[in-house]
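Hi everyone, thanks for coming along. I'd like to walk you through one model today, so let me put it up on the screen.

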Amino acid sequence: MTVSRREFLVISGVAGAGLALSSLGIDMGPVKAYAQELKKIDKMKSAKQSTTICPYCAVGCGLICSTDTKAKTIINIEGDPDHPINEGALCAKGASLFQTTSNNSDRLKKVLYRAPGSDKWQEKSWEWALGEIAKRVKATRDGNFIEKNAKGETVNRVEAIAHIGSAALDNEELWPLQAMMRALGLVYIEHQARI
Amino acid sequence: MGSNAAANHPISMKWVQKAKDNGGILISVDPRYTQTSTKADIYAPLRSGTDIPFLGGMIKYILDNEKYFKDYVVNYTNASFIVGPKFDFQDGLFAGYDPKTRSYDKTFWAFEREQDDRVKRDDTLQDPRCVYQLLKKHYSRYTPELVSSITGTPVPDLLKVYEAYASTGTKDKAGTIMYAMGWTQHTVGVQNIRTMCMIQLLLGNMGIAGGGVNALRGEANVQGSTDQGLLFHILPGYLAYPRANQANMEAYLKAITPKTAEPMSANWPQNLPKYFVSLMKTFWGDKATKENDFGYGWLPKLDAGQNCSWLNLFDAMYEGKIKGFFAWGQNPACSGANAHKVRQALGKLDWLVNLNIFDNETGSFWKGPGIDPKKIKTEVFMLPCAASVEKEGSISNSGRWAQWRYKAVDAPGMAKPDGDILVELFDKIRALYKKDGKFPEPILNLKWDYVDAKGHFDPHNVAKEINGYFLKDVKIGETEYKKGTPVPGFALLQADGSTSSGNWIYSQSYNAAGNNMARRKKDDPTGLGLYPEWSWAWPVNRRIIYNRASTDLNGQPWNPKRALLKWEEGKEVDGKKQPGKWVGDIPDGPWPPMSDTKAGRYPFIMKPDGLASIFGPGLVDGPFPEHYEPLECPVPKNALSSQFTNPTIKIFSGSMDKHLTCDPRFPFVGTTYRVTEHWQTGIMTRWQPWLIEAQPQMFVEMSEELAKLRGIKNGEKVKVSSVRGELEAVAIVTTRFRPFKIGDVTVHEVGMPWCFGWMTPKNGGESVNLLTPNVGDPNTMIPESKAFMVNVTKMEGGA
């Protein structure tokens, strides 16, 4: 544990008794943990707080994110005690929401492409990937466009492209998403509600 | 019943506990003794797939013992309606069935009508063809003994549940149900829920505080994504999707807009044309004009009867008919029933676009178990997205509260909010179509200005568009509204193109008062926990829908101690009586109570006849729920009729669409569920060390009796298989599962979570959907993941 001078003062001021005992050979673990907590509390004082709603089930519990304004990372997420649904309580998933943020090293951070027959990903730019997807959408759409059905009725639809998703998106994203897919002529539009 | 709230919606359980503290009785009905069961006053087991007999028996109990709320049933439901003479029910089939098409002609179930086209009624409920009498006849067969021989629930347990629940059929009591996928994922899923709706109507538990039929929805915004029309059959706001035989807007609107001859029915859906035209104005902006049918022709049309739902989608993909695929924030390689078929289907695509915050079994399907990447030609684009706290916008919970979330930080690395990705993608597609392309009009004419000054996706901009605007200066009544101001709510939307609204049910969410979804005021004037100024609920901030049913015909609350709504007569001012008003929750419309036979309206305003449907002639599989066995079941016949399975389900018949019933190779009922620590396929939670430590691997729960039968010890590795696939799991031998007595036969059931997949954690196990059948409910096509047949065997060296 590295301790800055300021932190040392905090520890010695608040947890002085613990430090004194440590010199007698008593386990320092709890004191160190306490110091870590203090470090967090100290950080929390300068942190920006924002509210959010849990992204898991649809009970709709409120949470508070604390963001270190200098490092621009989330340092803590906990239940929102003012929220009338959960009154600060959270389940195991909600209480672990912190591990979905950038502190989880497994988060996808790059645009990846896998070529036909390849056994690996290649890193790509957004510009390239979205440009290539746009080309494929157009080629598939134009090559499989259905103007009329068997009865001769006008349908102007595309059955060769399908879309699923997503209940994980915000309402404001979902509206334009469905509009875009329908403007392209898609009819296979589905999501989690069906399963 | 149909949910295990304590494990899967844990915070909802906080309020169940509170109700218990206030003297409430908790009943838990589940094949397994769950975490919820441990908190219950009454627990009753039932075999998966037999909810209709269980609940049908309750209907019989309520009617036989006259436990129903008579004033409510007569005045607020269609119990008194006379059903036409063509209606019949014989040996498991309703009238109008055509075995060739496996479908019903629903005209056989139509109500009888007066000369003025109003439905014929008998308020004494004595007419043998009135709904009440038909209901009584239909469920007279569901005796406790017969029910018990189907469900495996001991008769005393059945009666205990019936008695306790039926006691809520009084003015001063409320009963509610919390259900989830335990009810939907069946070939009788919709009818499971309808049976409970009927019970709630008989007991007067709809539209009241503490009542209702509550879907505990499993995704934070699955309510919102349904509201916004991310399903093949609906546009935003539940407008039916246009069909090819509706050649123009007039034909479409005529088909979707219900009419009524009943003067006391509000028939709110008569306003749908206003909502559709306003929707088209949001879709196409100025390009939607009266002359071009407001852009109706630019919407793709489904054929009449065409069904593009999930199971059909993956069937078409498996058949090679789908070339390109967006899997946007979803993991079908693990979440799709009969997941082997889904995984095979992905390999038949030309291209796949997968968007997520973590790597997953769908985006990486080409390197999954048993798959040789060299043989997979599918190109895959994996796009990294922002997590929930890295963007701003609203989500809608199970109670229809749209709640605003704020952005805390930027997404890591190259990850971006989905909103930015979709805007940039469509910009690129549109640029291509500016040059050339098939039928470019809808692509070029879509209104697409959802970015801020810096070019970033702007959720406030979209939220306001969803709310809607006045597009011209208009005068409505005495009030003038200027062009460009937000509409106050959907009551002011117009069918002439003078207003826009991306989703009529969300109109009022973001208006002149500001972003109502972001509100955080905790006043609770009714004391019922409605919190009317906390966030915003659709429609029009109404917290409990059909709430006028919580009052008597004079608008006075059935239960004054828990008054949700109350009609107050107007005072006299200068010798003139002022109009009265509703006080409490936002009422289902301003009309006075029903005792005013001129201006009053029936409470169920979304039903054409204004009354709630105990008889429901709209579903494809019958106006009354009837028991059919799951497609895969452990019994050789249906004890209630010679109709074994639901006669209207679609049975796929390709090489991967296998199913087996009553086959000795797969002798045990299998079911699926979730655990608190994982979510859905585990796509987010399996990457989190804290949660993986708590729930590390696939397991199968089984009774001590079954374990003994198979020589399996607690903690041993076992193989679970169905005709479609197999997986390894750790055996949990437990008394939570007990064998069922089904007639003379002992039936064993096992249960597995569905949150695992091959990608992570290492040796964590596979998705249970490798086992589940791809057969769906005939109304919704939601797969039957809750009842199928499996085998469990000990693995060599499996200790």
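A:Ser166 sits in the loop between strand 7 and helix 6 (171-183) of chain A. Keep in mind that what you see is a predicted model. What joins A:Gly165 and A:Ser166? A cis peptide bond, with omega at about -15°. In general, most peptide bonds are trans, and most residues other than glycine have a negative phi.

Chain B offers a cis bond too: B:Thr760 and B:Pro761 are linked that way, with an omega of about -5°. To find B:Pro761, go to the loop between strand 33 (749-753) and strand 34 (788-794) of chain B.

While we are on backbone geometry, have a look at B:Ser535. This residue is not a glycine, yet its phi is positive, about 50°. B:Ser535 belongs to the loop between strand 21 (514-515) and strand 22 of chain B.

Strand 22 brings us to a sheet. In chain B, three strands make an open, antiparallel sheet, ordered 14-15-22. Which strands are at the edges? Strand 14 (393-396) and strand 22 (536-537) of chain B, each pairing on one side only. Between strand 14 and strand 15 (residues 401-405) of chain B there are four bridges, in the antiparallel sense. If you want one pair to zoom in on, B:Ser396 has B:Ala402 in strand 15 as its bridge partner.

Let's step back to chain B as a whole. Chain B contains 21 helices and 34 strands. Its C-alpha trace spans about 90 × 70 × 55 Å along the principal axes. For 799 residues, a compact globule would have a radius of gyration near 28 Å, so the 27 Å of chain B agrees with that.

Now for the interface, which is where I'd like to spend the rest of the time. How many residues are involved? On the chain B side 159 residues are in contact with 119 residues of chain A. Together the two chains bury about 12,200 Å², and 64% of that is on carbon and sulfur atoms. Within chain B, the residues that lose the most area to chain A are B:Ile11, B:Leu230 and B:Met414, which together give 6% of what that side buries.

There is plenty of polar pairing to show as well. Across this interface, 77 residue pairs are in polar contact, with both residues at pLDDT 80 or more. Helix 17 (residues 418-435) of chain B gives the most to the side that touches chain A, with eleven residues. By class, that side of chain B has 90 nonpolar, 43 polar and 26 charged residues.

On to the charged pairs. Side chains of opposite charge can pair when their charged atoms come close. Nine salt bridges are counted between chain B and chain A, and the structure holds 46 over all chains. One to pull up is the pair that runs from B:Glu379 in strand 13 (residues 379-384) of chain B to A:Arg136 in helix 5 (residues 126-143) of chain A. The N to O distance in that salt bridge is 2.7 Å.

Finally, back to strand 7 of chain A, where we came in. Which strand of chain B does strand 7 (residues 154-164) join? The partner is strand 11 (residues 324-328), running parallel to strand 7 and joined to it by four bridges. For a concrete example, A:Ile161 has B:Gly324 in strand 11 as its bridge partner.

Thanks, everyone, and I'm happy to rotate the view for anyone who'd like another look.

Note on methods: Residues are numbered from 1 along each chain as its sequence is written. Chains are lettered from A and ligands numbered from 1 in the order in which they are written. Side-chain values use heavy atoms; hydrogens and water are left out. Contact means heavy atoms within 4.5 Å. Buried area is the accessible area (1.4 Å probe) that two parts lose on being put together, summed over both. A salt bridge is a side-chain nitrogen of Lys or Arg within 4 Å of a carboxyl oxygen of Asp or Glu. A polar contact is a pair of N or O atoms within 3.5 Å; within protein, one must be able to donate a hydrogen and the other to accept it, and residues adjacent in sequence count only if both atoms are side-chain atoms. Helices (H or I, at least four residues) and strands (E, at least two) are DSSP runs, numbered from the N terminus. Ala, Val, Leu, Ile, Met, Phe, Trp, Tyr, Cys and Pro count as nonpolar, Asp, Glu, Lys and Arg as charged, and the others, Gly among them, as polar. Two strands pair if DSSP finds at least two bridges between them. The radius of gyration is taken over C-alpha atoms; the globule rule is 2.2 Å times the number of residues to the power 0.38.
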